[in-house]
Amino acid sequence: SDTVPVATGPDCPAIEQVPPAFFESAQAAARTWRFDPAFRCIYPEGTAPDPQGGCWGDGVREEAQAVSLAYRFVFEQIDGQGQVRLGE
């Protein structure tokens, strides 16, 4: 629902050193992504979770779970061409 710049780590410059256009480009790219909500399985008392990780069965329900995701965008120039990729 929102994006914010996070500059942490040895390879990241301080936020104030980065031109706003870089953050605007990363935010524009992230806004085009589609995210499915995260869920956790709620099992009735005494019911064992599915060993294969499924979330189904009598009385089992899914509950939406808030999560935060962090992505590292790498801006680089290769053979004179600007590239943007997700970092590790």
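Helices here are DSSP runs of H or I at least four residues long, while strands are runs of E with at least two, both numbered from the N terminus. Counted that way, the protein has one helix and four strands. Keep in mind that you're looking at a predicted model.

**Layout along the chain**
- Walk along the sequence and you meet the elements in the pattern α-β-β-β-β.
- Strand β4 covers residues 81-86, and L86 is part of it.

**Overall shape**
- The radius of gyration is 20 Å, whereas a compact globule of 88 residues would come in near 12 Å.
- Laid out on its principal axes, the C-alpha trace spans about 60 × 30 × 25 Å.
- Take the contacts between residues at least 6 apart in sequence: 30% of them join residues at least 24 apart.

**Inside and outside**
- How much of the protein is buried? Of its 88 residues, 10% are buried.
- The accessible surface adds up to about 7500 Å², and carbon and sulfur atoms account for 51% of that.

**A nonpolar patch on the surface**
- Six residues, W33, F35, V67, L69, Y71 and L86, make up a nonpolar patch on the surface.
- Together, these patch residues offer about 590 Å² of accessible area.
- L86, the patch member from strand β4, has 43% relative accessibility, so it counts as partly exposed. That label fits because partly exposed runs between the buried cut-off, under 20%, and the exposed one, over 50%.

Terms used: Residues numbered from 1 in each chain as written. Predicted model: local features only at pLDDT ≥ 70, side-chain atom pairs only at ≥ 80, totals over all residues. Heavy atoms only, no water. Patch = residues over 30% accessible without salt bridge, like charges linked within 9 Å, V, L, I, M, F, W, Y side chains within 5 Å. Areas by Shrake-Rupley, 256 points an atom, 1.4 Å probe, with all protein chains shown as cover. Salt bridge = Lys/Arg side-chain N within 4 Å of Asp/Glu carboxyl O. Buried < 20%, exposed > 50% of the residue type's maximum accessible area, 1.4 Å probe, protein only. Rg over C-alpha atoms; globule rule 2.2 N^0.38 Å. Contact = heavy atoms within 4.5 Å.
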